[in-house]
Amino acid sequence: MGRNRKTYSESFKKEVAVEALKEKTPVAEIATAYGISPSMVTTWKKAFLNGEFSKELQKLRKELEESKKIQEETFMELGKHQLEVAILKKKLNIKD
């Protein structure tokens with residue numbers, strides 16, 4: 001029979017990460033106090049700094065990526081239209 005993997009709530013992870021960010025006590029002591037490995041404390045600290053525990057922040061990042069993609073597509077379309085206009089003006093000998 002295998003051991004069940006222990007899972008931790010986001011609030012617990014945030015608490016540990018904030019404790020590690022305060023840097024009042026060493027990571028090893030924090031890990032011992034919470035009964036977890038020091039590498040897990042470090043991983044949760046990095047995840048907290050990257051905003052991975054905040055669902056709102058993840059949602060905003062996703063929306064930002066989507067809007068950047070839409071903006072890029074719009075600029076590509078605009079560039080194509082400007083090129084078409086320039087070509088037509090040249091063919092028709094129209095000067096600005």
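Where is the place of R5? The legends below take up that question and then move on through this predicted model.

**View 1. R5 sits in the segment before α1.**
Start your tour at R5, which belongs to the stretch of chain that comes before α1. Is R5 buried or exposed? R5 is exposed, because its relative accessible area is 80%, and exposed here means over 50%. Now look for K22 as well: R5 and K22 are 17 residues apart in sequence. In space, their C-alpha atoms lie 28 Å from each other.

**View 2. The largest pocket has a volume of about 210 Å³.**
R5 appears again here, as one of the residues that line the largest pocket. Its companions in the lining include R3, N4, K6, T7 and Y8. Further along the sequence, K13, G35, I36, S37, M40 and W44 also belong to the lining. What kinds of residues make up this lining? There are four nonpolar, four polar and four charged residues. As a general idea to keep in mind, rolling a probe the size of a water molecule over the atoms shows where empty space is left.

**View 3. Nine residues make up the largest nonpolar core.**
Here you can find V16, A20, I30, A31, I36, V41, W44, A47 and F53. Three helices each give two or more residues to this core: α1 (10-22), α2 (27-34) and α3 (38-49). Which of the elements gives the most? That is α3, with three residues. I36 and W44 may look familiar, since the lining of the largest pocket includes I36 and W44. In soluble globular proteins, nonpolar side chains tend to be buried together.

**View 4. A20 touches I30, V41 and K45.**
Zoom in on A20, a member of the largest nonpolar core. Leaving out residues up to four places away in sequence, A20 touches I30, V41 and K45. Of these partners, I30 and V41 are also listed in the core.

**View 5. The protein chain has four helices and zero strands.**
Step back to see the whole protein chain, whose elements run α-α-α-α from the N terminus on. The radius of gyration is 26 Å, well over the 12 Å that the globule rule gives for 96 residues, so the protein chain is more spread out than a compact globule. Along the principal axes, the C-alpha atoms fill a box of roughly 80 × 40 × 20 Å. How many of the 96 residues, as a percentage, count as buried? The share is 11%. Among contacts with a separation of 6 or more, 44% join residues 24 or more positions apart.

Methods. Residues numbered from 1 in each chain as written. Predicted model: local features only at pLDDT ≥ 70, side-chain atom pairs only at ≥ 80, totals over all residues. Heavy atoms only, no water. 1 Å grid on protein atoms, 1.4 Å probe; cavity = no way out; pocket = protein on both sides within 12 Å on 5 of 7 lines; lining within 4 Å. Points joined across faces, edges and corners; volume = space filled by probe spheres on them. Nonpolar A, V, L, I, M, F, W, Y, C, P; charged D, E, K, R; others polar. Core = buried A, V, L, I, M, F, W, Y, C linked by side-chain atoms within 4.5 Å. Buried < 20%, exposed > 50% of the residue type's maximum accessible area, 1.4 Å probe, protein only. Contact = heavy atoms within 4.5 Å. Rg over C-alpha atoms; globule rule 2.2 N^0.38 Å.
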